[in-house]
Amino acid sequence: MKKLIILLAIAGFLTSCSVTESIVFNTDMSGEYISSFDITPIMNYANENRSRTNEALIKEEKVDTTVVFNDLFESYKDSIATLSEAQRAKLENLRGMKMRVRMDVENDVFDFNIKKSFKAVSELENINEKVDDAMGIAKAMGNKEANASEGQLDKLTKVDKVVYTFEDNTFTRFMPNAVAEQEKSNEGQTTEADENDFSKQFEMQFEEMFSTSYYKLVYTFPRKVKSVSNKNALISEDGKTVTYKVGWSTLKEDATSMNLNVILED
């Protein structure tokens, strides 16, 4: 558990590294949602600028840990019962989720993923909020010594709301907040983050390190894809998988670039 806590401490910075959102749909449109985070750049940065804490991290053996949240609920049910109603509600969001963490410093491997099975597309309605809650727990566990300010961690671990729908053979990924942000940007308005000097400095500090980071969508459907709304999205040879990769710089310029419509064949 000690190793896992150390890993999750660094994982608090993962939103600024490469993220892959995968969804595999079955014939009845049930399936599995996976958010995968490659945080190797953070590990390398920590190694180059390591303190005593990071020195201890380097000496840790290889780690490959899977956390099944349902098992944790059973193991710690007495402790969970003492939490507030709001805290218990957040934990309930993690039911059915699994988190795997891998670290191998010698071979430059540091990643983790969060998985959740679903019975219908409608169950994906708040999946990003659930991932956000999982990240919140990771943040709290890893920041017990308050080495990073709450403002930094909140900025880096924030997961924007995403709406997923499937109607009339069309799968849609839509980020309502991104649309609002882009409209403000087009009108020349500043957001709260823009007006915060600390946020600007923090973003500039890591800009170079994250310049090659990206966000990738990989969606596999039970039928062939007829068309995709974004011309940069790729369709696999069997016609059933859509892959769309966007760099962080593009996301900063156009907050709506992750919106996507996929039309399936009849």
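Mentor: Quick term before we start: buried means under 20% relative accessible area, exposed means over 50%, and partly exposed is in between (1.4 Å probe, protein chains only). This is a predicted model, where local features need pLDDT of at least 70, side-chain atom pairs count only at pLDDT 80 or more, and totals for chains, interfaces and linings use all residues. Residues are numbered from 1 along each chain as its sequence is written, and side-chain values use heavy atoms, with hydrogens and water left out.

Trainee: Why is Glu21 called buried or exposed here?

Mentor: Glu21 has 0% relative accessibility, so it counts as buried. The cut-off is under 20%.

Trainee: What makes Glu21 and Arg173 a salt bridge?

Mentor: A salt bridge needs a side-chain nitrogen of Lys or Arg within 4 Å of a carboxyl oxygen of Asp or Glu. Here N to O is 3.0 Å, so the pair qualifies. Glu21 sits in strand β1 (residues 18–25) and Arg173 in strand β7 (residues 170–174), 152 residues apart; strands are DSSP runs of E, at least two residues, numbered from the N terminus.

Trainee: And which class does Arg173 fall into?

Mentor: Arg173 is at 2%, so it is buried as well.

Trainee: How do you know that Lys77 and Glu74 form a salt bridge?

Mentor: Their side chains meet at 3.3 Å, N to O, and the limit is 4 Å. Lys77, at 47%, is partly exposed, whereas Glu74, at 52%, is exposed because the line is drawn at over 50%.

Trainee: What about Glu92 and Arg95?

Mentor: Their closest N and O atoms are 2.8 Å apart, which makes a salt bridge. Glu92 at 43% is partly exposed, and so is Arg95 at 38%.

Note on methods: Helices (H or I, at least four residues) and strands (E, at least two) are DSSP runs, numbered from the N terminus.
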